[in-house]
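Please look over the sequence and the structure shown here before reading on. The report after them is written for a reader who has not met this structure before.

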Amino acid sequence: MPRTITVKGIGNISVPPDYVIISMDLTTIDKDYETALQLASKKIEYINDSLESIGFEKKSVKTTDFNVYTKYDSVRDKKGNYKRVFEGYSCNHRLKVEFDFDTKVLAQTLAAVSKCLAKPELSISFTVKDKGAVNEELLKSAVVNAKEKARILCDASGVKLGTLLSIDYNWGELNIYSHTDYSLEDTCMALPNMEIEPDDIKLNDTVTFVWEIVD
């Protein structure tokens, strides 16, 4: 049975964000089901029209989540007893629009959305467009780290690094987003843009390697 050395390589990289995702939450309530859906569709139309007016392609807004549920409220009657009262059908859309990071485009987009009649709740994230390239760079960093650790351990132990026997890696999804918190009140979204530089995205990942060791 061959002698082996097991080393966990840790990859660390830092990359500047180059992509923006604006998420929008829309909620529409009406006691009539069809009316609730129609009102929700109208709000999405308002957002699309606003974005098209500043140069976005038609239907740039994409749906990431959609649900409709019945909403009830608990009210007290004349006898002091609580009862459920139907408020209506709540139609909820989670939408997003994505584009290359540019502070001027970001300011124009926020201003356009804030002025439209839909009035969605907004959240802004900074990420990278080519996530595959980032993953590749991170894994290469982990390989270099593991080889360096293995070399040091072998040199210190008076042995040599032999054939690579196995690689163990958990292919989980990385959270490739900047920690920068960018938020504005509705009344401030139409103001001139401020130049910002989102914090770099700092990532780390691990890969386990097993090498044979020889004299």
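What follows takes up confidence, strand pairing, the nonpolar cores and two individual residues in turn.

## Confidence of the model

The structure is a predicted model, and the protein averages a pLDDT of 90, with 94% of the residues scoring at least 70. Confidence is highest in strand β1, which covers residues 4-15 and has a mean of 96, and it is lowest in α2, where the mean is 90.

## Strand β2 and its partners

Strand β2, made up of residues 19-30, runs antiparallel to strand β4, residues 82-100, and 12 bridges join the two. Within this pairing, Ile-22 stands opposite Val-97 of β4.

Strand β2 is also joined to strand β5, residues 121-127, by seven bridges, and these two strands likewise run antiparallel. Here Val-20 has Phe-126 of β5 as its bridge partner.

## The nonpolar cores

The largest nonpolar core holds 20 residues, of which Ile-22, Met-24, Ile-47, Leu-106 and Ile-124 touch the most other members. At least two residues of this core come from each of β2, α1 (33-52), β4, α2 (103-115) and β5, and the largest share, four residues, is supplied by β2. As a general background, nonpolar side chains in soluble globular proteins tend to be buried together.

Ile-124 may serve as an example of the surroundings of a core residue: when its neighbours within four places in sequence are left aside, Ile-124 is in contact with Val-20, Ile-21, Ile-22, Leu-106, Leu-110 and Tyr-182. Apart from the largest core lies another one, of 12 residues, including Ala-142, Ala-146, Cys-154 and Val-159.

## Thr-28, a residue of β2

Is Thr-28, which is found in strand β2, buried or exposed? Thr-28 counts as buried because its relative accessible area is 5%, which falls under the cut-off of 20%.

If residues up to four places away in sequence are not counted, Thr-28 touches Ala-36, Leu-39, Ala-40, Lys-43, Tyr-89, Ser-90 and Cys-91. With one of these, Lys-43, the contact is also polar, since a polar contact of 3.4 Å joins the side chains of Thr-28 and Lys-43.

## Gln-108, a residue of α2

Gln-108 is found in helix α2, and its relative accessibility of 46% makes it partly exposed, a class that lies between the cut-offs of 20% and 50%. Gln-108 and Leu-51 are 57 residues apart in sequence, while in space the distance from C-alpha to C-alpha is 9.0 Å.

Conventions
Residues are numbered from 1 along each chain as its sequence is written. This is a predicted model: local features need pLDDT of at least 70, side-chain atom pairs count only at pLDDT 80 or more; totals for chains, interfaces and linings use all residues. Side-chain values use heavy atoms; hydrogens and water are left out. Two strands pair if DSSP finds at least two bridges between them. Buried means under 20% relative accessible area, exposed over 50%, partly exposed in between (1.4 Å probe, protein chains only). A polar contact is a pair of N or O atoms within 3.5 Å; within protein, one must be able to donate a hydrogen and the other to accept it, and residues adjacent in sequence count only if both atoms are side-chain atoms. Contact means heavy atoms within 4.5 Å. A nonpolar core is a set of buried Ala, Val, Leu, Ile, Met, Phe, Trp, Tyr and Cys residues joined through side-chain atoms within 4.5 Å. pLDDT is the predictor's confidence in each residue, from 0 to 100.
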